[in-house]
Amino acid sequence: MTVADLQQFVRNLGVTLASAGAKKPADELQRIAVGLEPFQMLTLAPFSDFLVTAENYARTGIVPTTVKGRAKTAAPKLDSAAKVREAAQRVNALYERAIDPTLQYTAIDAELKSLEKLLSKDEAVQVARAAGIAATLKTKKAALEAIKRKISERKESFERIQFRGTEASAVPHR
């Protein structure tokens, strides 16, 4: 099966939805079909590999390349200060998102796990300092756990406030 076959299936599904009155999903499927155009000649397995590569690039900025049949990650080497700045921005963005009810603890864990692979011990400690953590941190694990605790505590605090707000509004006033 090729991407062209998938593209035709998506188009047909869009036509079916449009005839059933679901215009918005039909329009979205048409957009997907148009986006598949450059990949028509690929079979589904290489296309799936491409999607994984694209998602990895979107998330990390790293493009894996193949050298003599073996995958090799090619990424510009960041100096330590740039890595710390980037990681601190990611941590701050995650801290700000902690009040989003749709943010799951698993997403927090996944983001911090990706930082664990990126940072050295000293860099992780610097990121923790940039996040406002003043405690003595002797290991990379301790630094990342302190960051996780700070983000999780914000999320938990916000959830408690939300719960109290709904609980208070459920109690009738006299």
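Here are a few short exercises on this predicted model, each with a worked solution.

**Exercise 1. Getting your bearings**

Find how many helices and strands the protein chain has, and the order in which they run.

*Solution.* Start by counting: the protein chain holds seven helices and two strands. Next, walk along from the N terminus, where the order reads α-α-α-β-β-α-α-α-α. Finally, look at burial: of the 174 residues in the protein chain, 21% are buried.

**Exercise 2. Two helices at the start**

Work out how helix H1 is oriented relative to helix H2.

*Solution.* First locate the pair: H1 covers residues 3–19 and H2 covers residues 23–35. Their axes lie 8 Å apart, and the packing angle is about 165°. Angles over 145 degrees count as roughly antiparallel, so H1 is roughly antiparallel to H2. To complete the description, add the handedness: H1 passes H2 in a left-handed crossing.

**Exercise 3. Where H4 meets H6**

Decide whether Gln89 is buried or exposed, and then describe how its helix crosses H6.

*Solution.* Begin with the residue. Gln89 sits in helix H4, which spans residues 80–97. Its relative accessibility is 56%, and because the cut-off for exposed is over 50%, Gln89 counts as exposed.

Now turn to a partner in the other helix. Val127 belongs to the buried residues of helix H6 (residues 121–130), together with Glu123, Ala124, Val125 and Ala128. Gln89 and Val127 are 38 residues apart along the chain, yet 9.0 Å separates their C-alpha atoms.

Then compare the helices themselves. The axes of H4 and H6 come within 9 Å and cross at roughly 45°. That angle makes H4 oblique to H6. The crossing of H4 past H6 is right-handed.

One last stop here is the residue Gly132: just after H6, Gly132 adopts a positive phi of about 90°.

**Exercise 4. A pocket and its lining**

Identify which residues line the second largest pocket, and which elements give two or more of them.

*Solution.* Take the space first: the second largest pocket contains about 200 Å³. Then list the lining, which consists of Asp109, Leu112, Lys113, Glu116, Lys141, Leu144, Glu145 and Lys148. Match these residues to elements, and two helices turn up as giving two or more residues: H5 (105–118) and H7 (140–170).

To finish, sort the lining by kind. Six of its residues are charged, two are nonpolar and none is polar. Among the charged ones are Asp109 and Lys113, while Leu112 and Leu144 are the nonpolar pair.

Key
Residues numbered from 1 in each chain as written. Predicted model: local features only at pLDDT ≥ 70, side-chain atom pairs only at ≥ 80, totals over all residues. Heavy atoms only, no water. 1 Å grid on protein atoms, 1.4 Å probe; cavity = no way out; pocket = protein on both sides within 12 Å on 5 of 7 lines; lining within 4 Å. Points joined across faces, edges and corners; volume = space filled by probe spheres on them. Helix = DSSP H or I, 4+ residues; strand = E, 2+ residues; numbered from the N terminus. Buried < 20%, exposed > 50% of the residue type's maximum accessible area, 1.4 Å probe, protein only. Axes fitted to C-alpha atoms, helices over the stretch in contact; angles between N-to-C directions. Parallel < 35°, antiparallel > 145°, perpendicular 65-115°, else oblique. Left-handed = near helix turned anticlockwise from the far one by under 90°.
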